[in-house]
Amino acid sequence: MVYQVGIDVGGTFTDGVLIQDNQLVNKTKVPTQQDNLLETLLQALDNLGIYNYDVEQITVSTTLVTNAILENKLPHVELLLFPGSGMSLNALPWPVSFHKLQGEIDYRGRKVTPFDELEWRRICNQVDFDSISQVAIVSKFSHRNKILEEKLADFLVKRYPHLEIAQGHEWGQANFYRRSLTTYLNTASRKIYSQFSAHLQEAVSKNGSKAKISVLKADGGIIPIDQLRPVESINSGPAASIIGALAQSEPNRSIVVVDIGGTTTDIGMILSGEPLLSAHGAKIGPYLTQIRTLATRSIAIGGDSAIYPSSEDPD
């Protein structure tokens with residue numbers, strides 16, 4: 001007999017099910033305590049009674065990172081860019097501030113223009129790196145040659161050893177704009193996701209459970225919790241809604257899926273029995289990313305939201 005658990009950690013409620021051979025054994029819904037996720041997860045798992053069964057797999061979806069982005073609750077990240085020539089940064093809708101630096105790599109990975117270390121020293125005088133903890137460095141075409149990103153990272157680490165530095169080449173794709181915002185969001189959401197991951201693993205193992213834990217990604221696939229990069233968990237909740245609707249619908253049906261949660265409302269689509277994939281990557285609020293995702297949209301309003309009329313509205 002194979003027992004599995006599914007958990008959805010939302011901004012308002014955490015839901016869980018225990019199933020055996022695709023049959024529902026138990027279910028639960030508990031309020032999500034944002035400042036005490038460990039207690040929330042322990043309560044949900046205890047209500048399901050998972051410690052009384054030999055559970056093999058726990059699959060989790062979550063909107064925690066999505067909600068943090070939409071509610072503008074991410075910590076500050078200093079974004080340093082090497083855009084090179086041939087593009088105007090001001091022509092793009094940047095949702096975050098950045099510093100533009102000299103130095104250029106071409107599309108073949110050749111260094112066209114060297115970096116300017118004097119400029120880096122001036123940046124250090126302008127930015128209070130002692131009071132921040134996270135920096136994201138992205139160079140155009142760094143997926144072909146990461147030298148500019150690595151040189152600047154080494155320079156900063158020597159001066160400020162406490163800094164947590166992310167580099168854009170780690171995402172390995174073209175599209176400088178999306179890669180910059182993906183790197184930024186992954187860095188900014190790292191602490192939120194790390195705390196969630198640690199609490200979940202502690203809650204599962206607290207009473208001796210050896211169940212493997214996976215997280216549902218934005219594209220509907222799953223990945224072991226310790227292999228997921230934080231920003232890959234965006235749209236995890238909406239993906240779960242689409243997969244759930246797909247499982248309960250007739251084959252070849254086209255369906256619009258609307259999931260009204262406590263914090264966000266998520267919308268997705270199924271066309272002729274197939275979930276619709278985004279052509280370019282996940283869009284979350286004002287951020288365009290390179291995260292492979294089902295075509296969904298999340299807006300920061302839900303059943304737990306307070307709505308106030310504007311002063312211009314009639315009584």
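# A walk through the model

Start by selecting strand E14, residues 265-271, together with E18: the two pair in the antiparallel sense over four bridges. Before going on, note that what you have open is a predicted model.

Zoom in on the pairing and pick Thr-265. Its bridge partner in E18 is Ile-299. Now show the side chains of E18, which covers residues 296-299. Which residues are on its covered face, and which on its uncovered one? Thr-296 and Ser-298 make up the covered face, while Arg-297 and Ile-299 are on the uncovered one. That fits a general habit: in a regular strand the side chains alternate between the two faces of the sheet. So Ile-299, the partner of Thr-265, belongs to the uncovered face of E18.

**Step back to the whole chain**

Clear the selection and turn on the cartoon view. You should be able to pick out seven helices and 18 strands. The radius of gyration is 22 Å, close to the 20 Å that the globule rule gives for 315 residues, so the chain is as compact as a globular protein of that length. Along its principal axes, the C-alpha trace spans about 65 × 55 × 45 Å.

Try colouring by burial next. Buried residues account for 48% of the 315 in the chain. If you switch to a surface, you are looking at about 16000 Å² of exposed area, with carbon and sulfur atoms supplying 48% of it. As for what touches what, take the contacts with a separation of 6 or more: 62% of them are between residues 24 or more positions apart.

**Helix H6**

Select residues 190-205. This is helix H6, with 16 residues, and from its first C-alpha to its last it reaches 22 Å, close to the 22 Å expected at 1.5 Å a residue. Which of its residues are buried? Tyr-193, Phe-196, Ser-197, Leu-200, Ala-203 and Val-204 are. Turn the view to look down the axis of H6: these buried residues fall within an arc of 135°, so they line one face of the helix. The spacing makes sense, because an α-helix has 3.6 residues a turn, so residues three or four places apart point the same way.

What do those buried residues pack against? Add strand E1 (3-9), helix H1 (37-48), strand E4 (55-62), helix H2 (64-70) and strand E11 (212-216) to your selection, and you have the answer.

**The parallel sheet**

Next, find the open sheet of four strands, with the order E6-E5-E9-E10 and parallel pairing. Its edge strands are E6 (99-100) and E10 (164-167), each pairing on one side only. Follow E10 to its partner E9, residues 134-139: these two pair in the parallel sense over four bridges. For a landmark on that pairing, click Ile-137, which stands opposite Gln-167 in E10.

From E9, move on to Asn-145, found in the loop between E9 and helix H4 (147-159). Asn-145 is partly exposed, with a relative accessible area of 22%. Leaving aside neighbours within four places in sequence, what is Asn-145 in contact with? Show Ile-105 and Gly-109, and you'll see both contacts. For a sense of distance, draw a line from Asn-145 to Tyr-287: they are 142 residues apart along the chain, and their C-alpha atoms are separated by 25 Å.

**Two residues with a positive phi**

Most residues other than glycine have a negative phi. Here are two stops that go the other way.

For one of them, select E2 (residues 13-20) and E3 (residues 23-31), which run antiparallel and are joined by eight bridges. Phe-13 stands opposite Pro-31 in E3. At the turn of this hairpin there are two residues between the strands, and Asp-21 takes a positive phi near 50°. Asp-21 is partly exposed, at 48% relative accessible area.

The other stop is Asn-175, in the loop between E10 and helix H5 (176-188). Its phi is near 80°, a positive value in a residue other than glycine. Asn-175 is partly exposed too, with a relative accessible area of 40%.

**Last stop: Glu-250**

Finish in the loop between helix H7 (236-248) and strand E13 (255-260), where you'll find Glu-250. Is Glu-250 buried or exposed? At 52% relative accessibility it counts as exposed, because the cut-off for exposed is over 50%. Now select Ser-272 as well: Glu-250 and Ser-272 are 22 residues apart along the chain, and 9.7 Å separates their C-alpha atoms.

Terms used. Residues are numbered from 1 along each chain as its sequence is written. This is a predicted model: local features need pLDDT of at least 70, side-chain atom pairs count only at pLDDT 80 or more; totals for chains, interfaces and linings use all residues. Side-chain values use heavy atoms; hydrogens and water are left out. The expected span of a helix is 1.5 Å times one less than its number of residues. Buried means under 20% relative accessible area, exposed over 50%, partly exposed in between (1.4 Å probe, protein chains only). The arc is that of the directions from the helix axis to the C-beta atoms. Contact means heavy atoms within 4.5 Å. The radius of gyration is taken over C-alpha atoms; the globule rule is 2.2 Å times the number of residues to the power 0.38. Accessible areas come from the Shrake-Rupley method with a 1.4 Å probe; for residues, only the protein chains shown count as cover. Two strands pair if DSSP finds at least two bridges between them.
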